[in-house]
Amino acid sequence: MINRHLVQRLGFTLLGVISLIVVLPILFVIGNIVVRGIGAINWEFLTAMPRGGMKAGGIFPAIVGTLLLVLGTAVVAIPVGVGGAIYLAEYARDTFWTRILRLAIINLAGVPSVVYGLFGLGLFVLFLQFGTSVLAGSLTLAIMTLPVIISTAEEALRAVPGEFRLVSASLGGTRWQGIRSIVLPQALPGIITGIILGLLRAAGETAPILFTAAAFYLPRIPRSLLEPTMALPYHLYVISTQVPGMPPRIQYGTALVLLTIVLSMNAVAAIIRSYFRRRREW
Amino acid sequence: MEPKIRLENVSYYYGNQPALRDVTLDIPPNAITVIFGPAGGGKTTLLRLINRLNDEVEGTRMTGRVLLDGQDIYAPGVDVPRLRRRVGMVFALPLPLPGTVRENILYGPKLAGVRDRARLEEILERSLRLAALWDEVKDRLDDPASRLSGGQQQRLCIARSLALEPEVLLLDEPTSGLDPISTGKVEEALQELKHRYTIVIFPHSVQQAARVADYAAFFLMGEMVECQPGRDLFTTPRDRRTEDYITGRFG
């Protein structure tokens, strides 16, 4: 007979090894970028314009450009996404059309990001004549972000017990009053998590801004929403593939800055989640 | 005496499934009317028709009329939130809203537009006293409502309905989750409340029905079998099925 304890220990060890295999590449990527990029990070790198064919100076316009694009994405995607989720979770009846709508949202989440880029080029840049600009890029990123925000927010709203809506109605609340004063506050942590995850993706993607917003080399801050901008992911792509003789220090430094922005947004999401979870009482 | 609530030939269907069949029932004011019978008798449906809480359920159909003070509450143009303020409801399980005791009680009045601080404080104390909860929670008004015991939570829910100064109070098995002592407290509170309100209650047992009923209606499979003053119904039921049920031969 096989020793049961031995089998159990074997199982645990196996699972531990598998977990390690999952975590190792991530740790390696982060570690590699930190080690090789940290030397590039200094005040000038973060706050100065690029100089000498981007081989010297800083990446300030790319950092600002990425923050601008994320901000623009947030302004468009949050109200539309949360509004859409409230409609789907609280108001929409189960009809043929709402099913089509849901299907569309699910499929939208699976569309490759370069397709969003081409769509943005066609609609915003060319047809609406926004040109290659912060505006066109933000709108493109917002469309890419919407399905993530809508589906996580809808999920969060549905997780709020139905009884609360019933109680609110029985106390003379309209449906909207119940949603605003009870359902929405309860769903907020989930909604915020979805928003941050969506914006994270917007911050890191290159393809959607490739044709819609990004400038190869533009050593200044955009003066209006209708100007193109540098952005971290695209800048990273450019200095890694398009500029011969680029010092790797700068490449890794740029990657480190992008990674830091993305990971700190992730951390904020985690903190918000755990803060609300501890406060929740029902 | 004019009935507070009158149901006239009310039938109600979920899809094609009838939940209530041709129910005609008068509910007198300032008394406790008990509606009882085995599960599936259409009781919850009946209660939710009186404050139109069934409006939200899809695929349902109603015929007949429900009158409150002689007015058809399903007539076009009826202000449903206002109707629900006049007809308060307490659910089978204590369902405190997220938030403190105070926030729970004042939720309805604030939605109704009461802003004055002093007035709100007055409502808070009055409703909690009416529900016989004030002495137990007066020092914990800003604690989360979920930290109260089950019995306290249920009286909180009663107080929350009373905060709107309703005319009718509907209670759906309000003591089903409670121990005997808490149940006693809720029943005591109801005896006080009936002087001011019209109360309709589904008891969670025949014994409770007999204890609290001024009037009692026996429901079976969506039909009202009979309705009489409580002491008559529980001593000399007219219908054989009622007698079988209250003597414990089925149900």
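Let me begin with chain B, where four strands form an open sheet in the order S2-S1-S4-S5 and pair in the antiparallel sense; strands here are DSSP runs of E of at least two residues, helices are runs of H or I of at least four, both numbered from the N terminus, and two strands pair if DSSP finds at least two bridges between them. The edge strands of this sheet are S2 (17–27) and S5 (71–72) of chain B, each of which pairs on one side only. Between S1(B) and S2(B) there are seven bridges, in the antiparallel sense, and B:Ile5 stands opposite B:Ile27 in S2(B).

Before going on, I should say that this is a predicted model, in which local features need pLDDT of at least 70 and side-chain atom pairs count only at pLDDT 80 or more, while totals for chains, interfaces and linings use all residues. Residues are numbered from 1 along each chain as its sequence is written, chains are lettered from A and ligands numbered from 1 in the order in which they are written, and side-chain values use heavy atoms, with hydrogens and water left out.

Now to the charged side chains. Side chains of opposite charge can pair when their charged atoms come close. With a salt bridge taken as a side-chain nitrogen of Lys or Arg within 4 Å of a carboxyl oxygen of Asp or Glu, the count over all chains comes to 29. One of them joins B:Arg65 to B:Glu8, with the closest N and O atoms 3.2 Å apart. This pair links distant parts of the chain, since B:Arg65 sits in strand S4 (residues 60–68) and B:Glu8 in strand S1 (residues 5–14) of chain B, 57 residues apart.

Are these two residues buried or exposed? Taking buried as under 20% relative accessible area, exposed as over 50% and partly exposed as in between, with a 1.4 Å probe and protein chains only, B:Arg65 is partly exposed at 38%, and B:Glu8 is partly exposed at 23%. In chain A, the side chains of A:Arg220 and A:Glu227 meet in a salt bridge with an N to O distance of 2.8 Å; here A:Arg220 is partly exposed at 29%, whereas A:Glu227 counts as buried at 16%.

Staying with chain A, its secondary structure comes to 11 helices and two strands, and buried residues make up 43% of its 282 residues. Its C-alpha atoms fill a box of roughly 70 × 70 × 35 Å, taken along the principal axes.

Finally, the cavities. A cavity is a set of points, on a 1 Å grid over the protein atoms alone, where a 1.4 Å probe fits but cannot get out, and its lining residues have an atom within 4 Å of a point; grid points are joined across faces, edges and corners, and the volume is the space filled by probe spheres set on the points. How many cavities of 30 Å³ or more does a search of the whole structure find? The search finds two, and the largest has a volume of about 40 Å³. Its lining includes A:Thr66, A:Leu141 and A:Glu205, and helix H3 (60–91) and helix H8 (175–204) of chain A each supply at least two residues of that lining. The second largest cavity holds about 30 Å³ of space, and among the residues lining it are A:Phe45, A:Met54 and A:His235.

Conventions. 1 Å grid on protein atoms, 1.4 Å probe; cavity = no way out; pocket = protein on both sides within 12 Å on 5 of 7 lines; lining within 4 Å.
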